[in-house]
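Please find below a colleague's note, set out as numbered points for a reader who is coming to this structure without background. It is best read with the structure open alongside.

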Amino acid sequence: PLAEPIGIYVITGFLGSGKTTLLNHLVSDPAMADTAVIINEFGEVGIDHVLVEKAFEDALLLSNGCLCCTIRGDLLDTLETLCVRRDMGRIPPFKRVVIETTGLADPGPIAESLTGEMVTARGFALRAIATTVDAVHGMGQLDSQFESRKQAGMADLLLVTQTDLADARPLQRPLPALHPGPRPIPTTARRPAPAPPLPPPPLAP
């Protein structure tokens, strides 16, 4: 039988929308064992050095089994490097990949590249896009920023952040209008992600 594809989960969201808070939660969650997390810069995510079990060239293995690495050049090159290192035994095997985009990223081309032949041939499958929308500034960003609307419009999991600081109800109309699929989930700094933190793979047709 064919091996189950390694699921890719993309975390996107506009600048200041809470991606870093979500990532900090993910890398410290025991449920994220056997996960490779691809981030833009280590400095953006406050990885507690106590959690670091082993350091590689541009990757950190945490004590909970989560592997964090930074993007080197092209995203597809980074995935290929992960596969080569895994196959050579230089890093542990991983069951899923979480990718952080920049705050100004349009997730459309990213999703397109992650469903291309090179990625699927390496045994990966794009499972879901999780988007963070800030309850404090989200309305203004959706009104004025194309990237913010595109990020929300492509979400499989929609997290409305900082609901402990601002009323999220004004977002209840524009978000479903952009993408009627996912129900917006309110989050706070103390509870930045639902449980489980990532949506399960879609059911086979």
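1. With which side chain does the side chain of Arg 86 make a polar contact? In this model, which is predicted, the partner is the side chain of Asp 87, at 3.1 Å. Arg 86 itself belongs to helix H2, which covers residues 75–87. Leaving aside residues up to four places away in sequence, Arg 86 touches Ile 6, Ile 91, Pro 92, Pro 93, Phe 94 and Arg 122.

2. Before going further into that site, the overall make-up may help. The protein has 205 residues, of which 46% count as buried, and its secondary structure comes to seven helices and nine strands. Among contacts with a separation of 6 or more, 77% are accounted for by residues 24 or more positions apart. The exposed surface comes to about 10,400 Å², and carbon and sulfur atoms supply 57% of that area.

3. The charged pairs deserve a careful look, and the count of salt bridges in the protein comes to seven. Side chains of opposite charge can pair when their charged atoms come close. The side chains of Asp 87 and Arg 86 meet in one such bridge, with N to O at 3.1 Å, and those of Asp 87 and Arg 122 meet in another, with N to O at 3.2 Å. This second pair links distant parts of the chain, since Asp 87 lies in helix H2 whereas Arg 122 lies in the loop between helix H4 (117–121) and S7, 35 residues apart.

4. How do the partners of that bridge stand with respect to the surface, exposed or partly exposed? Asp 87 counts as exposed because its relative accessible area is 51%, and the cut-off for this class is over 50%. Arg 122 is partly exposed, with a relative accessible area of 29%.

5. A further salt bridge is formed by Asp 167 with Arg 169, whose closest N and O atoms are 2.8 Å apart. Asp 167 counts as partly exposed, at 41% relative accessibility, while Arg 169 counts as exposed, at 59%. Turning to how bridges combine, those that share partners join Glu 80, Arg 86, Asp 87 and Arg 122 into one network.

6. Which residues touch the most other members of the largest nonpolar core? This core has 23 residues, and the ones in question are Ile 8, Val 97, Leu 114 and Phe 124. At least two residues of the core come from each of S1, strand S2 (35–39), strand S5 (67–70), H2, strand S6 (96–100), helix H3 (107–114) and strand S7 (124–134). The element that gives the most is H2, with five residues.

7. Phe 124 can be followed in some detail. Not counting residues up to four places away in sequence, Phe 124 touches Pro 5, Ile 6, Ile 8, Leu 79, Cys 83, Phe 94, Val 97 and Val 119. Apart from the largest core lies another core, of 18 residues, and among them are Met 32, Ile 39, Cys 66 and Leu 157.

8. Two residues invite a check of the backbone. Most residues other than glycine have a negative phi. Asp 34, although not a glycine, has a positive phi of about 60°, and its place is in the loop between helix H1 (19–27) and S2. Gln 162, likewise not a glycine, also has a positive phi of about 60°, and this residue is found in the loop between strand S8 (157–161) and helix H7 (174–178). As for accessibility, Asp 34 counts as partly exposed at 31%, and Gln 162 is partly exposed with a relative accessible area of 24%.

9. Finally, what separates the C-alpha atoms of Ala 3 and Gly 123? The distance is 8.1 Å, although the two residues are 120 residues apart along the chain. Ala 3 has its place in the segment before strand S1 (6–13). Ala 3 is exposed because its relative accessible area of 70% falls in the class over 50%.

Notes. Residues numbered from 1 in each chain as written. Predicted model: local features only at pLDDT ≥ 70, side-chain atom pairs only at ≥ 80, totals over all residues. Heavy atoms only, no water. Helix = DSSP H or I, 4+ residues; strand = E, 2+ residues; numbered from the N terminus. Buried < 20%, exposed > 50% of the residue type's maximum accessible area, 1.4 Å probe, protein only. Contact = heavy atoms within 4.5 Å. Areas by Shrake-Rupley, 256 points an atom, 1.4 Å probe, with all protein chains shown as cover. Polar contact = N/O pair within 3.5 Å; in protein donor to acceptor, adjacent residues only side chain to side chain. Core = buried A, V, L, I, M, F, W, Y, C linked by side-chain atoms within 4.5 Å. Salt bridge = Lys/Arg side-chain N within 4 Å of Asp/Glu carboxyl O.
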